[in-house]
Amino acid sequence: MKLHIPALLRPHGRHRAAPAPVFVDLLPGTRWLVCDTTTCAHLTTRHHPQPDGAWRCGRCGRTKGEQ
Ligand SMILES: [Zn+2]
């Protein structure tokens, strides 16, 4: 009896290294700041820099001033 192996599982040439993980939500300049909204409950969340110099919470979206 011949076992059928799907093409995706068959060894196929040299083993290729897995692509490096991409952290799409960690933008350059992202800071971990305390968010004071009730949504975030004063937790430290990621804040993304805005063009006007403010920081925007990546969880609730509230913008806080530059710190
Ligand atoms: Zn927040």
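**Notebook: the four-stranded sheet**

I began with the middle of the sheet, where E2 and E3 run antiparallel and are joined by 3 bridges. I take strands, and helices likewise, as DSSP runs numbered from the N terminus, a strand (E) having at least two residues and a helix (H or I) at least four. I call two strands paired if DSSP finds at least two bridges between them.

Before going on, I noted that this is a predicted model, in which local features need pLDDT of at least 70 and side-chain atom pairs count only at pLDDT 80 or more, while totals for chains, interfaces and linings use all residues. I number residues from 1 along each chain as its sequence is written.

**Entry: confidence**

I looked up pLDDT, the predictor's confidence in each residue on a scale from 0 to 100, and found that the chain averages 80, with 75% of the residues scoring at least 70. Among the elements of the chain, the highest mean, 93, belongs to E3 and the lowest, 88, to E4. I keep in mind that predicted coordinates should not be read in detail where pLDDT is low.

**Entry: overall layout**

I counted 4 strands and 0 helices in the chain, and reading along the sequence gave me the pattern β-β-β-β. The 4 strands make an open sheet in the order E1-E2-E3-E4, with antiparallel pairing. Its edges are strand E1 (31-34) and strand E4 (63-64), each of which pairs on one side only.

**Entry: pairing, strand by strand**

I found 4 bridges between E1 and strand E2 (residues 44-49), which pair in the antiparallel sense; Leu 33 has Thr 45 in E2 as its bridge partner. From E2 to E3, I recorded that Pro 49 is bridged to Trp 55. These two strands form a hairpin with 5 residues between them, and in the turn Gly 53 has a positive phi of about 95°. On the other side of strand E3 (residues 55-57), 2 bridges lead to E4, again antiparallel, and here Arg 56 has Thr 63 as its partner.

**Entry: burial and distances**

I then checked burial, calling a residue buried if 20 or more other C-beta atoms lie within 10 Å of its own, exposed if 12 or fewer, and partly exposed in between, with C-beta atoms placed from the backbone. Buried residues make up 6% of the 67 residues in the chain. Trp 55, which lies in strand E3, counts as buried because it has 21 C-beta neighbours inside 10 Å. Its C-alpha is 8.2 Å from that of Arg 31, although Trp 55 and Arg 31 are 24 residues apart in sequence.

Leu 33, in strand E1, has 14 other C-beta atoms within 10 Å and is therefore partly exposed. I noted a separation of 8.3 Å between the C-alpha atoms of Leu 33 and Cys 57, which are 24 residues apart along the chain. For the chain as a whole, I took two residues to be in contact if their C-beta atoms, placed from the backbone, lie within 7 Å; of the contacts between residues at least 6 apart in sequence, 13% join residues at least 24 apart.

**Entry: the loop between E1 and E2**

I looked last at Ala 41, which sits in the loop between E1 and E2 and, though not a glycine, has a positive phi near 55°. With 10 C-beta neighbours inside 10 Å, Ala 41 counts as exposed. His 42 is also placed in the loop between E1 and E2, and I recorded for this residue, not a glycine either, a positive phi of about 60°. His 42 is exposed because it has 10 other C-beta atoms within 10 Å.
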